[in-house]
Each structure stands twice: as C-alpha cells, then as structure tokens.
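Please have the sequence and the structure open side by side. The paragraphs below go through selected parts of both chains.

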Amino acid sequence: MKILNQELYNINKNEYQAQQISTLVDAKGMGLTEDEFHLICKKIKKIPNKTELGIFSAMFSEHCSYKSSKKWLKTLPTIAKHVIQGPGENAGVIDIGDNLAAVFKIESHNHPSFIEPYQGAATGVGGILRDVFTMGARPIALLNALRFGSPTEPLTKHLVSGVVKGIGGYGNCIGIPTVGGETNFDQSYDGNILVNAMAVGLANKDRIFYSAATGSGNPVIYVGAKTGRDGIHGATMASTEFTDNSSEKRPTVQVGDPFTGKLLLEACLELMSTDAVLSIQDMGAAGLTSSSVEMASKGSLGMHLNLDLVPTREDKMTSYEIMLSESQERMLMILKPGSEEKAKLIFDKWDLDFAVIGEVTKTGRLILDKDGFEACNIPINPLVEDAPEYERPYEIIQNKNVIKINELKINYTVDEILAKIFQNPNISSKRWIWEQYDSSVMGDTISSNGKSDASVIKIHGTENSKSFGKGIAITTDCTPRYVKSDPINGGMQAVCEAARNVAASGAKPLAITNNLNFGNPEKKNIMGEIVGSIKGISKAASFLNTPIVSGNVSLYNETNGKGILPTPVIGMVGVIDEVENCLEMNAKENNTLVILGQSENFTEGWVGCSIYQEIENKIIDGAPPPVDLEKEKKIIEILLKLHTKKLLTAAHDISDGGLLTTTCEMLFKNNLGLNLNLPKSLLNSDGKDPILHSWCFGEDQGRIIVATEKIDKVKFFLENNSLDYFILGKTNASNNLNLNDMTTIYINDLKNSNEKTLPFIMGQHE
Amino acid sequence: MRSGVTIFPGSNCDRDIIVALKNITGKAPIKMWHKDIEFPNLDLIVIPGGFSFGDYLRCGALAARSPVIKSIKNHISRGGAVLGICNGFQILIEAGILPGSLIRNKKLLFTCRDTMLEIQDTIVSPFLSGLKKELHLNIPVAHNEGNFFASETLLNELKNDGRIAFKYIKEINNDIDYNPNGSSNDIAGILSKNGRVLGMMPHPERAINKLHGGTDGLKFLTKSFEQIIG
C-alpha cells in the first residue's frame, strides 16, 4: 500500500482513513472472528486495509458465504433431466418444454423488514426480481411467505401493515403480479419476522444469461441507479442476532425505488435481446463487492475497477462505502468489446446511469483505484474459495411421542371447534393482505390467492388454436410447528404439501427453491433443526424428482437469545400443458367429494401438533403426523391421471385443520352444503366424541379431497389402482353441513368469520 | 382500426392492452413513446395503466407534461377517441382533459379486486352506445388513487350532462365494499364533453378471456371499437 503524505491526507480525509491498516478490533466490529481475521491476513499475505477488510467481512458473512450451512446444502438433490441450472447462479432454471425455461428463486429479507418493514419488504421484492431478470428472464409472478409474531402484540399490526404495503408498493409499481404465498402468526416470530419473496420468470431456453466473467480486457459496466450510503454492511447486519437496540440498525436497511427497478428491468431485457451482454450479475447483498468478486471468481479471472467512475448519489464517498453500499436497482455487466455505445443508447433511453468502470483481468486479483490511489489489491480466490465453512455441532431432536386423542381433554363440540378454526388467523382468509397486491397485471393470471391450491399463470405467447397454452403453477409451503417437533419429518412434509398443492391445481410438480429460516446455528439444537430439515427436504425432493434449483439461507433469526420456529419454506413450481385445465379448490353444486388416500376403516386421526390440539388444549405437542413418501407420490400421480381423464371439477389438499376444515373451504365460494358421510363406527357419536374429533380435525398427511360429477368412473379408477378413498357426500345448495342428525354447521357463518378475522386483527373491520 | 398505445417510463399495462387490441381488431396498435410527437392519424389512443414516472409528485402529474400529450390533445381536437385506463385516467385528469381529481382510496390501501359496473345514461359516446344499458360489467380494479373527487357543482354537471359512464354497484351479496375506493357517487369512469374521451379506473383488458374469470372487458372493448370505426 502506498504511503500517503499530509497534503493528500488533507485532500481526502475519508479516503485516507479507508486506507488505514485494519486491526482485530475493526474485524470484530465488522462481525469477523479472531480466527477469520488471522486467516485473511495469512491468505493475502498482509494485514488488510479497512476497505479490504470490509470486502472480506461481507464475503465471509453468513449471508454471502453460507459458512454454517454450506456443508449441508451440498447434500441437497439438485439434478434432474429438466434442470438447466441448479444452485449457484442468481436463480435456478428448469426446462418447461417448447424451448422455454422457468427461472425462479426465493430470498429472505427478514432482518431488514423487522427494522423497517416497508423498505425491508419492498427491497426484498426488488432484489428477487433482479435475481430473475439478471438471468435474461421476464418476471411473470411474485409470491411471499410471511411469518409474524402473535396477532395480539401491538407491534405485529405495525409490521404486517408495513410489510404488506412494502410488498405491494414494489410489486404493484413494477407491474409484476403478486399471486400467492402464505402468512402465519406465532409468538416465536415476535422479535424476528420472516419475509421471504419468491419470483418466477420466463426465458427462452437458449437465451439464459450467467454471471461468470469472460475475456481478459473486456469492459466492466455499471448500470442502474446511483450508489448512495444506504444499506452499508446490510449483509453483515443480516447475519447477526438482534438485541433490544436493533432499531439502531435502521441505516443499514436499503431503500427501494420500484420505478427505477422497472426502468432497469426494461433496459436490461432490451439489451439482452442484442448480443452485447457476455455476463451479468445484480448488485444485491454486499453490493459491488459480491457482484464483482463473484463474477471474477466464477470466471477464474480478476477485475480492475476505478471507483471514481462509479455513479454516486453523494459526494466524497470512500472506497469502503462504495464497495459496501447496498443501494438498490444496480447491475454489473461485462460487455462484448465495442458494444458499449449501442448499450449506452438503451440505458440513455431509459434515463439510467451507464458507466464503464473497469475491465476484466487475468491477474486473479481484485484491484480498486480511488482518487489516484490503490484502495484495494487482494487475491479473489480467498474471498470465495477460502471463505470459512464450519462443521457446527448439531443434535437432531425428533419428538417420537405419539399423542392419542384420548389423552386430550375435550372442551368443545365439533361446530364450536370449526368456528374457532376460522377465527384463527393462521387458517382464515388472507383477503385483507392479497387485495393490496396487484394480482392481475400482465393479464396472464389464471388463479391467484387461494382460488386453487397453487397459483396458476398462463405462459404468454404459448396459446394456439386448440388451447390457451401452457401454464405454470406455483406455491410456497412450510408447517413450522411440525419442523420444530421433528425437523426431518417437517422437512419432508413441507415438500410433500407443496407437491400436493401443485398437483391439486392440475400441474405436474417439477422443482423447488427453498428458503431456510432458522435461529442461531451456533446452538446445537438449532443446527440440528437445520441439518434435520435439509435431510427431510432432500429425501422427499429426491423421491418426488423435484430437485432444489435455487435458494437462500437466513440464520440468526433470534432476539435476545430467543429463536424463531424453524421455518424451511419450500417454493415449488409445476407445469400444466393446457392451462384451461387447471383445477380450482371450489366445489360446484351436485359434486361428489371424495378423499383420496383415506380408507373406509380410518377413524382415529393424528392430533399431535395439530391446530385442533392447540384449540382444545392450548398446546402444540407430540410427534407431527408421519409422512409416507410412497403414498404421497401415488396420490399425486392418481390425482393427475383422474384429471387428465377430465373426471374432476375441483381439488384441495388436506392440511392445517384436517378434513372438515378442508371440506368447508371447498364449500365457501359457491355457498354450498353437504350431508357428510361418516365412517360406520362414528354414525352415532355426539359432538364431543373424541374419535369423531380426531377424524374431523386430525392432520394425517397424504390426503387430497377431489370433487367430481362422475363418481362411478372415479371409484372404478381408484379401485383399479388400489388407492384408498372415502366418499364424503354430494354437495347441495343448502349452505348447511350436516354431520349426523345431531350437528348442523352453518357454512355461511364460518365463511363470514373466515373473512372477518384478519380485518378485525388489523383494526379495519366494518 | 388504427390505434396507438402510449408508453411512459413506468407504464405497466401497455402490453396487456396491446394484446387486447391486437386480439380484438386483428391489428397491432402503434407504440407511442412519451418523448415522441409525430404520429400518423389514429382512430383511438389508449393511455394504459401503470405507475408513469413512479407516481412521483402526484399520479399522472409528470406524464401529463410529456411531449406525447400534445399529440393526444391534437388527436382529440380532430375528434379522435381516447381511452384512459387507471393511470391513464389519472393522466387525463392531470392534463386537464377530464375534470375532477382522483385521490387516495378511502381506506388508504391499494385495492385489487373484481368490481361490478353499471352503465349510465350518457351522451352519445362510441364507448357506450353499443352496449345495452341494463348490462352489468364485471371488471377488476387495481389502484391506490381511484377515489373520484369533485365539487357538488361538478358532480351535478357531470350527471346532468350525461358524462358519468360507469358506477360501481352492489354485487349479489350486497357487498359493503362494492365501491372499492370511496369515490363520490360511486363513479368509476367519466366522459369528455364530446363523449369521445373516456377515463375509467377498472381494467377491461384484464377481463378478456374466460380464464380471467370473465369476458365483460372483452364485450366492452369489442363494442367500443366497433362504434369508433362505425
């Protein structure tokens, strides 16, 4: 490093300070450990200056390096015939036929959304959209998996309101429909909410763009918004636990501008339709640092940048600030030499900054100039290859205690329980949320926000004289209380429920993106939750041939030592060849409802870890319902075959709240009723019969309710294929659900409380 | 039919209405970039929805000062038809082409949902004269600022002059939220004095095939286009 004299010190005090040799105290302040600091010094054969140390600390953060989870992430199944690009790029890519590819990823913005809900959520959406269009895909759908604290906590209302506004604020403005997702409440999220945003895009199979730098001497281009002092060290902030003073971290939260995001989207796609772009990477977490390092590293090359050429929003930004800023709506590209002018014209048209800031080199080093000095000169390899990978000790705790119904105290009758279920914000309608999202922009939304188990989007341009064309089905799922009780089982369950949801909308499940949200991995039991759920996800995903093609890990979701429920969210994508054949969840009049995967003899349902258990006994306890992968696979195959034969009018998977909850949900839309068949042994039971309760509300897996007008053909097919089934009865226009002579349930009342629960919590009821 | 669709930075329903125009008329509209001023003579100009200029300052305020607006005003003075949808309606008001204002939705929340529209008794307008008055249209809205606001005088004038095109009405369930934004007199769309400019908050281009859950938007657009070339 060059020695600076007093005169230069006066010219640029900030830059001088950034050039200072760093110390162990600096390293700790940036979230590095003593060992990591010594490793850095050894690998780069010098003591880093503050800019260099900042770059290392960002790249070594949990958020960028996956140091706690990498060992286990490598065990996920990522390969299948239809996978074009697995994990490691900006997003995963799968082949969906007709020379088209679906490009998708889910990503968390948990920590920033808690500190500043509107901007945290908005930039989460902006970031995931950039990940998708960086690959050359036009985004066609957004989903979100949200987890909030107890609905009675005053802060929860503020967070829900801000996050929902933020998601809508970005998605609505940029004009990508937000079509689905999930929202749950649990007090374990009081101090750490989860905001996971998923985006799906569409590209031509042979026009996918990657991030690996190519060609020494090629120009490195900065495009998009200017760099400001926002979000500095955001990745590091997102890699630590919260304390009571976390609101002080507000300056580390980025600020989103969906309008610039829209311009960047259009300008990038316009440029990508030419042959100018060799590689491209968005500036997400750790901004210019991670984008330049990752591009160079993937291409086994170096990069030499002049930071004076980076468009900045504020004066006198130091090299440290420029490299660590997480200002939004920025991209780094490597262009074919000579195409700079052509590219600049496109960005001028969209009023965006365009600057050649350096070139690709053969050195394998990251060299940064600022104010005529060398602000950074470090080898790239140690930043990525030598990033720490920890084998953290773990203990997988599986609760094997099977709770039988006779162990519960029965307080309520069947109709009282149903009423309570639809007053539970985890089950009730999320209309208050999804009406704030534009779900129909782009004109291709076929099913959104619970009309079917997975959201369905028409693939633009695939229509022909016979069909509206292909469709894509998307869902996000996770049942954290199951994962808490048994991480392996819970991981499997999340994958299976997602697959069931995709199939119940009429689509073939194809691939997964996952968002692993956990507490502090330095704790043995939490590391056990991570390892266990990865094992479970791997097992189910391999079995169902739905590999994981992209994902994100968010750890340290803890406040004052209290962690969240383990929440490995599964985002799944499937394809429907003719989108007009997608299945709704709403039954029609005179449909027969049939449970696939449940036998006539089945009477005692699984109540451990169920919503029912929580309502009756205010506790969630015991082993979660077991997952039988053979059965799950079979039920999906049979459902899709029945549907191909055009025998089904609706389908809805049985999950939270059990079969009676699912049945009611199928009756709501068209104001239907049903005289429910009960198993013979339950015919004379009263409303407080424990076995009847477990039959109605047990959460046994591997079941889907289908609606049909052709029951004889369905029965014939199911018997030929030896799949258990149970006929629930035929829907009518009465709006009453009769259980037996003793219990009549008024569907309209349930429907009302289903709609009113969330507005009531948000204080917006009429 | 010769048609054009304006595109501002931040427009995001341009593709949707282009698809609708192409499917219905068999002919793709021309794209009218906001900085351009020279265009061939057209029968219809559509200003699509979106967030032109990010809705910064006020919705439609910056777009209303773009060069392309001058061409639109010339087109109107030649008797040309203009349809402003959602942000397009906001732009028409900001440009002084239609009266009144569109303020924040009453509940201060962005709202995306189906609405039921009743066609009003209006002056002669190519957008409405092909439709039966008793027809109700199920067309979705998606906006943050769709609450039509005007003085009593203006509201009376619009009513008496037959310039209220659509009103939100109650659906089968007597939905208390049938008016999605709290707009005065349940107004969903208004006409210019000559009836040839229509601004409306609902998005007809989002209800043009059965998979959208309804084709009332298609019905409306098809009849309008027939009358415009009439």
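Asn545(A) sits in the loop that joins helix 21 (524-543) to strand 18 (548-554) of chain A. This is a predicted model, and in it the phi of Asn545(A) is near 55 degrees, a positive value in a residue other than glycine. Most residues other than glycine have a negative phi. Is Asn545(A) exposed, partly exposed or buried? Asn545(A) has 15 C-beta neighbours inside 10 Å, so it counts as partly exposed.

Chain B offers a second case. Asp55(B), in the loop between strand 3 and helix 2 (67-77) of chain B, has a phi near 60 degrees, again positive in a residue other than glycine. Asp55(B) counts as buried because 22 other C-beta atoms lie within 10 Å, and the cut-off for that class is 20 or more.

Strand 3 of chain B also belongs to a sheet. This open sheet has nine strands, in the order 2-1-3-4-11-10-9-6-7, and its pairing is mixed. Strand 2 (30-33) and strand 7 (136-143) of chain B are at the edges; each has a single partner strand, so one side of each has no neighbour in the sheet. From one strand to the next, the twist averages 25 degrees.

At one end of that order, strand 7 of chain B pairs with strand 6 (residues 111-119) of chain B in the antiparallel sense, over eight bridges. Within this pairing, Arg113(B) has Val141(B), in strand 7 of chain B, as its bridge partner. Helix 5 (residues 216-229) of chain B lies across strand 3 (44-47), strand 4 (81-85) and strand 7 of chain B. The angle between helix 5 and strand 7 of chain B is about 105 degrees.

Chain A has an open sheet of six strands, with the order 1-2-3-6-4-5 and mixed pairing. Its edge strands are strand 1 (83-85) and strand 5 (178-185) of chain A, each of which pairs on one side only. Direction ignored, neighbouring strands of this sheet are turned by 20 degrees against each other on average.

Within the sheet of chain A, strand 4 (residues 138-148) and strand 6 (residues 194-204) pair in the antiparallel sense over nine bridges. Which residue of strand 6 of chain A is the bridge partner of Leu143(A)? The partner is Met198(A). Helix 9 (residues 117-133) of chain A lies across strand 3 (100-108), strand 4 and strand 6 of chain A, and runs at about 25 degrees to strand 6.

Further along chain A is helix 24 (residues 658-668), which is mostly covered: eleven of its eleven residues are buried. Among them are Gly658(A), Thr661(A), Cys664(A), Glu665(A) and Phe668(A).

The two chains touch each other, with 27 residues from chain A and 24 residues from chain B in the contact. On the side of chain A that touches chain B, helix 10 (154-174) and helix 12 (258-272) of chain A are the elements that give two or more residues. The residues on this side of chain A divide into twelve nonpolar, eight polar and seven charged.

A last point concerns confidence. Chain A averages a pLDDT of 93, and 95% of the residues score at least 70. Residues 1-11 of chain A, however, stay under 50 in pLDDT, and the model has eight contacts for them beyond four places in sequence.

How values were computed. Residues numbered from 1 in each chain as written. Chains lettered and ligands numbered in written order. Predicted model: local features only at pLDDT ≥ 70, side-chain atom pairs only at ≥ 80, totals over all residues. Pairing = 2+ DSSP bridges. Helix = DSSP H or I, 4+ residues; strand = E, 2+ residues; numbered from the N terminus. Axes fitted to C-alpha atoms, helices over the stretch in contact; angles between N-to-C directions. Contact = placed C-beta atoms within 7 Å. Nonpolar A, V, L, I, M, F, W, Y, C, P; charged D, E, K, R; others polar. Buried ≥ 20, exposed ≤ 12 C-beta atoms within 10 Å, placed from the backbone. pLDDT = per-residue confidence, 0-100.
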